[in-house]
Amino acid sequence: MKNVTDSFLCLSYWPSAGSFGFNTDILATNPINLSVVLGVLVFFGKGVCASCLLSDLLDNRKQRILKTIRNSEELREGALEQLEKARARLRKVETEADQFRVNGYSEIEREKLNLIKSIYTTLEQLENYKNETIRFEQQRTINQVRQRVFQQALQGALGTLNSCLNNELHLRTISANIGMFGEMKDIK
């Protein structure tokens, strides 16, 4: 296969001297191209020197770099200020959090002590209610026992009286009681 320059040669044939065509010989065309470009520059830029153009380009580049550096410094200073503000807020929040934590622990301790006191008070009241209930039940039981004993004694006495009393003894007892009642009236 042919190389690229050979194919260009086939496409761009040099017909004869004096006609226009493509020269594919790179080594021969570079000096010609450079001389044409330099000639155009000299013709159109007669009053401008190459060093002046280069100097202006470098100055513009330098000014852009300096401006970028200044902007970067301003942004850096702004970022540092924001960082310092954020650190101050963080310290403030940490201090408040510590205070809340300490206050929370003391509040928890206070609530714990109040709860313990409340439980002791409730237990004491329950103990008092229990003792009162026991005393009430004991008194009620004692009263019930007394009432039964009294009823039994009364029934026993009535049974004895009914079995022992006859009409004559009954009449004597009634008259003795009436006599005592009459004497009491006289005393008054």
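**Notebook: helices and surface patches**

I looked up the secondary structure and recorded four helices and zero strands for the protein. The model I examined is a predicted one. Reading from the N terminus, I noted the order of the elements as α-α-α-α.

*Entry on burial and surface.* I next checked how much of the chain is covered. Of the 188 residues in the protein, 2% are buried. For the accessible surface I noted about 17,700 Å², and carbon and sulfur atoms account for 63% of this area.

*Entry on charge.* Which residues gather in a patch of negative charge on the surface? I listed E73, E74, E77 and E81. I then followed E74 and placed this residue in helix α3, which covers residues 50–164. Is E74 buried or exposed? I entered E74 as exposed, because its relative accessibility is 54% and the class begins over 50%.

*Entry on nonpolar side chains.* I also searched for a nonpolar patch and found one of about 830 Å² on the surface. Its members are L113, L115, I116, I119, Y120, L123, L126 and Y129. I took L115 as the residue to follow here, and located L115 in helix α3. L115 has a relative accessibility of 51%, and therefore I recorded L115 as exposed.

*Closing entry.* I set the two residues I followed side by side. E74, from the negative patch, lies in helix α3, and L115, from the nonpolar patch, is likewise found in helix α3.

How values were computed: Residues are numbered from 1 along each chain as its sequence is written. This is a predicted model: local features need pLDDT of at least 70, side-chain atom pairs count only at pLDDT 80 or more; totals for chains, interfaces and linings use all residues. Side-chain values use heavy atoms; hydrogens and water are left out. Patches are made of residues with over 30% relative accessible area and no salt bridge: like charges are joined within 9 Å, nonpolar side chains (Val, Leu, Ile, Met, Phe, Trp, Tyr) within 5 Å. Accessible areas come from the Shrake-Rupley method with a 1.4 Å probe; for residues, only the protein chains shown count as cover. A salt bridge is a side-chain nitrogen of Lys or Arg within 4 Å of a carboxyl oxygen of Asp or Glu. Lys and Arg count as positive and Asp and Glu as negative; His and the chain ends are not counted. The place of a charge is taken as NZ of Lys, CZ of Arg, CG of Asp or CD of Glu. Helices (H or I, at least four residues) and strands (E, at least two) are DSSP runs, numbered from the N terminus. Buried means under 20% relative accessible area, exposed over 50%, partly exposed in between (1.4 Å probe, protein chains only).
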